[in-house]
Amino acid sequence: SINHGGTDPIVSDLDLRLGQHPANLLTNPDFDVNTTGWTVLSGSWGVNATNYLVGGGSLECSVAGSNREIYQQQTIPAGHELGTAHLQFARRNYASDALKVVLEARTSGGAVVVSAETGDTLANDGTYHIENLYLDLDDPTIASLRVRVISVTNGIGTNSMVVDAMRLHVH
């Protein structure tokens, strides 16, 4: 169910997909198990168990500082190497902070072939904004996808900008 800041559920999970869509490629996409499955590159990341959209928490950078990063990388499923990658997620801003989400397609050696990203800022309206990033996987050297979450201002901290409900599919 969808939760809006700890209140009663508003909508039960709705998802309509047409065509061939494998399961969500991300491990722990709703941050129910702290940051399990995610790799902290820099900074201190944690789960906000009060302000979340789905599951039991949302991801936030828990200390102030710029250019803090956490990521998850997944191999593209067999049969989808030349498809389209779709990342859907929710961001919410509490304190005029800046946090961006980046989707990258990488070679087996780690080089970025193509990427898409959100802007740094989001309206400080206390509302979850559902966002989407897409990548055409038309280069045969692409082997994996990396989802990066980066804090880009010094204001990140408890109850600032959070991200939740991350869904990564290739079709």
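Trainee: Which residue of strand 9 is the bridge partner of T75?
Mentor: The partner of T75 is S144. This is a predicted model, in which local features need pLDDT of at least 70 and side-chain atom pairs count only at pLDDT 80 or more, while totals for chains, interfaces and linings use all residues. Residues are numbered from 1 along each chain as its sequence is written, and side-chain values use heavy atoms, with hydrogens and water left out.

Trainee: What makes a stretch of residues a strand?
Mentor: A strand is a DSSP run of E with at least two residues, and a helix is a run of H or I with at least four; both are numbered from the N terminus. By that rule the chain has 10 strands and 0 helices.

Trainee: How do you know that strand 4 and strand 9 pair?
Mentor: Two strands pair if DSSP finds at least two bridges between them. Strand 4 (residues 68-75) and strand 9 are joined by 8 bridges, so the condition is met. The two strands run antiparallel.

Trainee: Which strands make up the open sheet, and in what order?
Mentor: The open sheet has 5 strands in the order 1-4-9-6-7, with antiparallel pairing. Strand 1 and strand 7 (112-117) are called edge strands because each has a single partner strand, which leaves one side of each without a neighbour in the sheet. On average, neighbouring strands of this sheet are turned by 25° against each other, direction ignored. That angle is between axes, which are lines fitted to C-alpha atoms (for helices over the stretch in contact), with angles running from 0 to 180 degrees between N-to-C directions.

Trainee: With which strands does strand 5 pair?
Mentor: Strand 5 pairs with strand 8 over 8 bridges in the antiparallel sense. Strand 5 is also joined to strand 10 by 7 bridges, again antiparallel. In the pairing with strand 8, R91 stands opposite H129; in strand 10, the bridge partner of A90 is D164.

Trainee: What makes strand 5 count as mostly covered?
Mentor: Of its 9 residues, 7 are buried. Buried means under 20% relative accessible area, exposed means over 50%, and partly exposed lies in between (1.4 Å probe, protein chains only). For the whole chain of 171 residues, 46% count as buried.

Trainee: Why is I142 called buried?
Mentor: The relative accessibility of I142 is 4%, which falls under the 20% limit, so the residue is buried. I142 is in strand 9. Leaving aside neighbours within four places in sequence, I142 is in contact (heavy atoms within 4.5 Å) with I76, A105, R106, V113, V114 and L137. The C-alpha atoms of I142 and S108 are separated by 7.1 Å, although these residues are 34 apart along the chain.

Trainee: Is N28 buried or exposed, and how do you know?
Mentor: N28 is buried, because its relative accessible area is 12% and the limit is 20%. N28 is in the segment before strand 1 (39-42).

Trainee: What makes the approach of N28 to T36 a polar contact?
Mentor: A polar contact is a pair of N or O atoms within 3.5 Å; within protein, one must be able to donate a hydrogen and the other to accept it, and residues adjacent in sequence count only if both atoms are side-chain atoms. The side chain of N28 reaches the backbone oxygen of T36 at 3.1 Å, and 3.1 Å is within the 3.5 Å limit. Not counting residues up to four places away, N28 touches V33, N34, T35, T36 and W38.

Trainee: Why is N34 called partly exposed?
Mentor: N34 has 44% relative accessibility, and this lies between 20% and 50%, so partly exposed is the right term.

Trainee: What makes the phi of N34 worth a remark?
Mentor: Most residues other than glycine have a negative phi. The phi of N34 is near 50°, a positive value in a residue other than glycine. A165, in strand 10 (residues 162-170), also has a positive phi, near 55°.

Trainee: What makes a group of residues a nonpolar core?
Mentor: A nonpolar core is a set of buried Ala, Val, Leu, Ile, Met, Phe, Trp, Tyr and Cys residues joined through side-chain atoms within 4.5 Å. The largest has 30 residues, of which L87, V101, L103, L137, L145, V147 and M166 touch the most other members. Among the strands that each supply at least two residues of this core are strand 5 and strand 6. Apart from it lies another core of 7 residues, including L53, V54, V162 and A165. A165 meets the burial condition, because its relative accessible area is 12%.
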